[in-house]
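Here are a few exercises to work through with the model open beside you. Try each task before you read its solution.

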Number of protein chains: 2
Amino acid sequence: MNPETDTRSRILATAREMFHGRSYADVGIQEICVGAKVQKGSFYHFFPSKQELVMAVIDDMAEDWAHGFVAEAFDQNLPPVERLDYMIDAAYYWQKAASDIEGRMPGCLFGNLALEMSTRDDVMRAKLNAVFDKARDRFRATLDEAVQTGALAPMNTEATGTAMLAYLEGIILLAKTRNDPDVILLLGPAIKTLRIETSQ
Amino acid sequence: MNPETDTRSRILATAREMFHGRSYADVGIQEICVGAKVQKGSFYHFFPSKQELVMAVIDDMAEDWAHGFVAEAFDQNLPPVERLDYMIDAAYYWQKAASDIEGRMPGCLFGNLALEMSTRDDVMRAKLNAVFDKARDRFRATLDEAVQTGALAPMNTEATGTAMLAYLEGIILLAKTRNDPDVILLLGPAIKTLRIETSQ
DNA sequence: CCTTGACTTGACCGACCGGTCTATTATCAT
DNA sequence: ATGATAATAGACCGGTCGGTCAAGTCAAGG
């Protein structure tokens, strides 16, 4: 309804989809404006710069992510170890869906931006780091619970959680390079085998 | 000596360093020419386009890679499982050295390019895939040997090798985002815990 | 000597980049 | 109705992009 919110969110949604499917450098403001059916002046009314836009996109995606399938995958009602499988499945179906529609795997927006931008923009790097830290915390909390319930032997849950996040990003990277979501299904379940022991 | 070879290899070396430290889109031909002390015309005498240049860079780096520290890390005289640790160490020292010089972690050129370009250029994607396949084969051969000598229980060595490659790329991605090579040291050793069983 | 062809020089091209600016319109409180 | 402000429109800016091209330089072969 609210026209201002509508325009802004249309820009945000269009930019998000384009940045996700391609890259920061490859997507121009002009193109986003056309896609969102907005004029340049309107764009710069809502966003001061391209870099501020992509920061907003990161926030937007992180929000959806945390409240969307990640929240489901890390559902507290599930046994901890099963949540890991759910997370893999969620990643697979997401990439699979995007791949079926667009014909190519977009991969993980955060991973994509991290590799493209973190040598160029420290502010963005910090933001992406924060997103990764939150994801790691989800893993860690799950592992903590698994250890507490005795489902898993004691370990360094923080380091192992980080390792699992790294593995997930690595799988998505490889799957994107092969343009084949099935790689996620093949490699994903092994995430449960990762372990970093508590240092003595 | 040979001036033609010298000019070409100077372009190649400059481009490689710049592409590795930044990104494909962020580095311009002009900038490469200045860095290599070459004129634009000379550049286009040796390389028909920017995309052909980066393909040559990938080949160049892959060559160095295979004959450099990867060859050492996968030294046949080492016990198979130790080679995995060597590989991690090699990755760490490489990134650490680059980080100390440049102040920021460049990450893996192949991983960087894969995420930036694989939705845009299928030829490059295929080339990067081939590089990854070779790396996976190194892992697989090592695992095969470890299984044969009884150091590791039988498993799906191809899938596990792929998983290890994915994990390595994921670790480097995370380390780059944190701009901290030590992440590789912290997470790296867990590569040995990865396992994908032979499907029944 | 003269020709050939690899190599170099640097001006030049159209397209597009992110971003600015002025003018106009829609909205709404007074 | 009016004045302030939010929002939109779209022409415009300097700069840079990848790439082209005509004009040379120069060493080797005949």
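**Exercise 1.** How many residues does the contact take from chain A, and how many from chain B?

Solution. Keep in mind that this is a predicted model. Start by counting: chain A puts 44 residues into the contact and chain B puts in 44 residues. Next, look at the area. The two chains bury about 3800 Å² between them, with 66% of it on carbon and sulfur atoms. On the chain A side, Leu115(A), Thr119(A) and Thr177(A) lose the most area to chain B, together 18% of what that side buries.

**Exercise 2.** Find the salt bridges and polar contacts between chain A and chain B, then work out which helices of chain A touch chain B.

Solution. Begin with the charges: there are 4 salt bridges between chain A and chain B. One of them joins the side chains of Arg178(A) and Asp133(B), at 3.0 Å from N to O; the cut-off for such a pair is 4 Å. Then add the polar contacts, which come to 18 residue pairs across this interface, both residues at pLDDT 80 or more. Now for the helices. In chain A, α7 (109–117), α8 (122–148), α9 (157–178) and α10 (182–187) each supply at least two residues of the side that touches chain B. The largest share, 14 residues, comes from α9(A). Sort that whole side of chain A by class and you get 20 nonpolar, 12 polar and 12 charged residues.

**Exercise 3.** Lay chain A on chain B. What turn and what shift along the axis does that take?

Solution. A turn of 180° with a shift of 0.0 Å along the axis does the job, giving an RMSD of 0.1 Å. The two copies are therefore related as by a two-fold rotation axis. To find that axis on screen, go to Gly170(A): of the residues of chain A, its C-alpha comes closest, at 1.9 Å. Finally, compare the two sides. The copies meet through the same surface, because 100% of the interface residues of chain A are also interface residues in chain B.

**Exercise 4.** Stay inside chain A and describe how its assigned domains meet.

Solution. First get the bounds: domain 1 covers 3–49 and domain 2 covers 68–193. Their C-alpha centres lie 27 Å apart. The contact uses 7 residues from domain 1 and 11 residues from domain 2. About 760 Å² is buried between them, 58% of it from carbon and sulfur atoms. His20(A), Gly21(A) and Tyr24(A) supply 66% of the area that domain 1 buries against domain 2. Last, check the polar side: this interface has 0 salt bridges, but 4 residue pairs in polar contact, both residues at pLDDT 80 or more.

Note on methods: Residues are numbered from 1 along each chain as its sequence is written. Chains are lettered from A and ligands numbered from 1 in the order in which they are written. This is a predicted model: local features need pLDDT of at least 70, side-chain atom pairs count only at pLDDT 80 or more; totals for chains, interfaces and linings use all residues. Side-chain values use heavy atoms; hydrogens and water are left out. Contact means heavy atoms within 4.5 Å. Buried area is the accessible area (1.4 Å probe) that two parts lose on being put together, summed over both. A polar contact is a pair of N or O atoms within 3.5 Å; within protein, one must be able to donate a hydrogen and the other to accept it, and residues adjacent in sequence count only if both atoms are side-chain atoms. Helices (H or I, at least four residues) and strands (E, at least two) are DSSP runs, numbered from the N terminus. Ala, Val, Leu, Ile, Met, Phe, Trp, Tyr, Cys and Pro count as nonpolar, Asp, Glu, Lys and Arg as charged, and the others, Gly among them, as polar. Copies are superposed by least squares on the C-alpha atoms of residues with pLDDT of at least 70 in both. Domain bounds come from an automatic or database domain assignment.
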